[in-house]
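Reader: Could you take me through one part of this protein up close? I'd like to see how the strands sit together and what surrounds them.

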Amino acid sequence: MFLGAIQPPVVSLFSSTNNDPLRLFSVHQDTSLPADSFVHFLHDETSQPPPAPPGTLICPPLIDDYDKETAAIGYALNQTVLHIQSPTMRTTYIQCPSIYPPMRLSANIRQRSNDLGLKHPWMHLQVRNMGREWSLEVGLVDQAGRIGVLRLSTFQKQPRLLLSGPSPLLHLPLSFPQAASRPLTTWCTLSLNLPFYLRHFSSVQLSPDEGQGSEGYRPNALTQIPSGAYSHISYIRIYATCRLRRIWFDEHGSSHNVPWEFQLYGSEY
């Protein structure tokens, strides 16, 4: 998509307050669970409007506060956000590019015309913890065109490296920050230095994925393990269950230099 384009220092891939936030994304839902699995825009503080019937919205987790009268202050955003929920996480997600086969490999970067193609080393997500399992995926490509899939999940307990598929998978545990006694918001900004993760696909210290036994260490005949310098990302996938405000990429990873509209704004009281 953007591999051959001139890329500015900061690129916003998704913003929930844009006119057409999901223009570059495809939306996937579990059609067997219409009441529980959906992707829906709503106001974070009021959780309105409700999803179309028969959808039943889950509520954000409650936070105990030192003063019940002010318990809601600052916890929610005074903005429209994207609500992604499902009990079957792997079937409910948004993905960019909208049409992308993440397992397709190519030895030549120029042939990867369906890659997202953003070259920035830092990726940032503004996400709200909904108290449910959550996961995200990023396809990382090295200078030789080899792809590795980075998956971060709140249910994962130990780092795992699975090499038995056509694309190696690095599965890492993810945890949200612990709630403070006087939190400003239940939202957080997750920042990932993508080149840092790329080098771990060739690590011999990570154990194979659960249920894989020693086969987790052995690449099959089609597996190409990324080991060179970072080139770009091929795709991004955000699974249920979470609320999402923005996804952006930049060169330096500093949250202090982002435009003002990238900040999180709570309600005024």
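Author: Let's start with a word you'll need: a residue is called buried when its relative accessible area is under 20%. By that cut-off, 50% of the 269 residues in this protein count as buried. Keep in mind that what you're looking at is a predicted model.

Now for the strands. The protein has 13 of them, plus 1 helix. If you read along the sequence, eleven β symbols come before the α, and the pattern then ends in β-β.

Let's zoom in on strand S4, residues 80-85. Of its 6 residues, 5 are buried, so S4 is largely enclosed by the rest of the structure. Which strands does S4 pair with? One is strand S3, residues 38-43, which runs antiparallel to S4 over 6 bridges. You can spot this pairing at phenylalanine 38, whose bridge partner in S4 is glutamine 85. Another is strand S13, residues 242-250, also in the antiparallel sense, over 3 bridges. There, look for histidine 83, which stands opposite arginine 243 in S13.

What about the packing around here? Isoleucine 238 is a handy residue to click on. Leaving aside residues up to four places away in sequence, isoleucine 238 touches Ile84, Thr92, Tyr93, Ile94, Leu125, Trp134, Ser135, Leu136, Leu244 and Ile247. The largest nonpolar core has 44 residues, and Ile238 is among those that touch the most other members, along with Leu13, Met123, Leu136, Leu140 and Ile247. Apart from that core lies another one, made of 6 residues, including Ile147, Val149, Leu169 and Tyr235.

Follow Ile94 from that list of contacts and you arrive at another piece of the picture. Isoleucine 94 is in S5, and valine 27 stands opposite it. The strands involved are S2 and S5 (residues 93-96), which pair in the antiparallel sense over 3 bridges. Both belong to an open sheet of 7 strands with mixed pairing, in the order S2-S5-S12-S7-S8-S10-S9. At the edges are S2 (26-28) and S9 (160-162), each pairing on one side only. From one strand to the next, the twist averages 20 degrees.

Finally, step back to the whole protein. Among contacts between residues at least 6 apart in sequence, 77% join residues at least 24 apart. As for the outside, the protein exposes about 13,400 Å², and carbon and sulfur atoms supply 53% of that area.

Technical notes
Residues numbered from 1 in each chain as written. Predicted model: local features only at pLDDT ≥ 70, side-chain atom pairs only at ≥ 80, totals over all residues. Heavy atoms only, no water. Helix = DSSP H or I, 4+ residues; strand = E, 2+ residues; numbered from the N terminus. Buried < 20%, exposed > 50% of the residue type's maximum accessible area, 1.4 Å probe, protein only. Contact = heavy atoms within 4.5 Å. Areas by Shrake-Rupley, 256 points an atom, 1.4 Å probe, with all protein chains shown as cover. Core = buried A, V, L, I, M, F, W, Y, C linked by side-chain atoms within 4.5 Å. Pairing = 2+ DSSP bridges. Axes fitted to C-alpha atoms, helices over the stretch in contact; angles between N-to-C directions.
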